[in-house]
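Trainee: I've just opened this one and don't know where to start. Could you walk me through it?

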Amino acid sequence: MAATSTQLLPLLAPAPDFALPDTTSGRTVRRADYDGRPLLVMFLCNHCPYVKHLNRGLVELAREYQAKGLAVVAISSNDVTAYPEDGPDEMRRRAAELEYPFPYLFDETQAVARAYRAACTPDFFLFDAEGRLAYRGQFDESRPGKDVPVTGRDLRAAADAVLAGAPVPAPQRPSIGCSIKWRAGGAPGYAA
């Protein structure tokens, strides 16, 4: 498994719009559905060992922080032709198996991943109630094969700050995981 780190959407950037199908409910979920609320956008997929390593911790963090007022969505943007286990049917199955307490959205065109400058799975983008990017970084220091427990320490500290209306602690360490599986010829070149 090759590790890729995120491309870092600039802090204070507005949350890019999206309107994507939720594989669990069948409804379309829009970024605008969360206007006026802090929002965590997570880029995940089913097959990535980094995501598998964090899955239980992601569910725990989401449940805890949704109760505090944080909105949470997950998006899968991988090329499902090359990685069929990341397609909508398997997304629905995985969400049910892990009891995801958040929508699991399918970004078939990969346009949303490009807009967020998502580079890897998992990749985390935390926006404040005004829709400005407050945190783009790792869940915690834990990695597959590393003897470090999954705690969500970094993301928890960021969410606590955002919910309190305070600045997010520095430094923000980029998320590391498997690269998003872009369709042939579809790997983005991000402009600064």
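What follows is a chat about the sheet and the helices around it.

Mentor: Before you ask, this is a predicted model, where local features need pLDDT of at least 70, side-chain atom pairs count only at pLDDT 80 or more, and totals for chains, interfaces and linings use all residues. Residues are numbered from 1 along each chain as its sequence is written, and side-chain values use heavy atoms, with hydrogens and water left out.

Trainee: Good to know. In what order do the 5 strands of the open sheet come?

Mentor: Helices (H or I, at least four residues) and strands (E, at least two) are DSSP runs, numbered from the N terminus, and two strands pair if DSSP finds at least two bridges between them. The pairing here is mixed, and the order is β6-β5-β4-β8-β9.

Trainee: Which strands stand at the edges?

Mentor: Look for strands with a single partner each, so that one side is left without a neighbour in the sheet. From one strand to the next the twist averages 20°, with axes being lines fitted to C-alpha atoms (for helices over the stretch in contact) and angles running from 0 to 180 degrees between N-to-C directions. The edge strands are β6 and β9 (133-137).

Trainee: Which residue of β9 is the bridge partner of Phe-127?

Mentor: β8 (residues 123-127) pairs with β9 in the antiparallel sense over 4 bridges. Phe-125, for one, has Arg-136 as its partner in β9. For Phe-127, the partner is Leu-133.

Trainee: And which residue in the hairpin of β8 and β9 takes a positive phi?

Mentor: There are 5 residues between the two strands of that hairpin. The one with a positive phi, near 80°, is Gly-131.

Trainee: How many residues of β8 are buried?

Mentor: Buried means under 20% relative accessible area, exposed over 50%, and partly exposed in between (1.4 Å probe, protein chains only). On one side of β8 you have Asp-123, Phe-125 and Phe-127, on the other Phe-124 and Leu-126, all of them buried. That makes 5 of 5.

Trainee: Moving on to β4, which residue of β8 does Leu-39 stand opposite?

Mentor: β4 (residues 39-43) and β8 are antiparallel, paired over 5 bridges. Both ways out of β4 lead to cover: Leu-39, Val-41 and Phe-43 point one way, Leu-40 and Met-42 the other, and all are buried. Opposite Leu-39 in β8 is Phe-127.

Trainee: Do β4 and β5 run parallel or antiparallel?

Mentor: Try tracing the matches: Val-41 has Val-73 as its bridge partner in β5, and Phe-43 stands opposite Ile-75. There are 5 bridges joining the two strands, and they run parallel.

Trainee: Why is β5 largely enclosed by the rest of the structure?

Mentor: Check both faces: Ala-71, Val-73 and Ile-75 are buried on one, and Val-72, Ala-74 and Ser-76 on the other. β5 is largely enclosed because its buried residues number 6 of 6.

Trainee: Let's do helices. Where does the kink in α1 centre?

Mentor: α1 has 18 residues and reaches 25 Å from its first C-alpha to its last, close to the 26 Å expected, the expected span being 1.5 Å times one less than the number of residues. The bend at a residue is the angle between axes fitted to the seven residues ending there and the seven starting there. The kink is about 50°, and its centre is Asn-55.

Trainee: Which exposed residues sit on the face of α2 turned away from its buried side?

Mentor: Start with the buried ones in α2 (residues 88-98), which are Met-91, Arg-94, Ala-95 and Leu-98. They fall within an arc of 100° seen down the axis, so they line one face of the helix; the arc is that of the directions from the helix axis to the C-beta atoms. The face turned away carries Asp-89 and Ala-96.

Trainee: Last one: which elements do the buried residues of α4 pack against?

Mentor: α4 (residues 153-164) has buried residues including Leu-155, Ala-158 and Val-162. Contact means heavy atoms within 4.5 Å. Their packing partners are β4, α1, β8 and β9.
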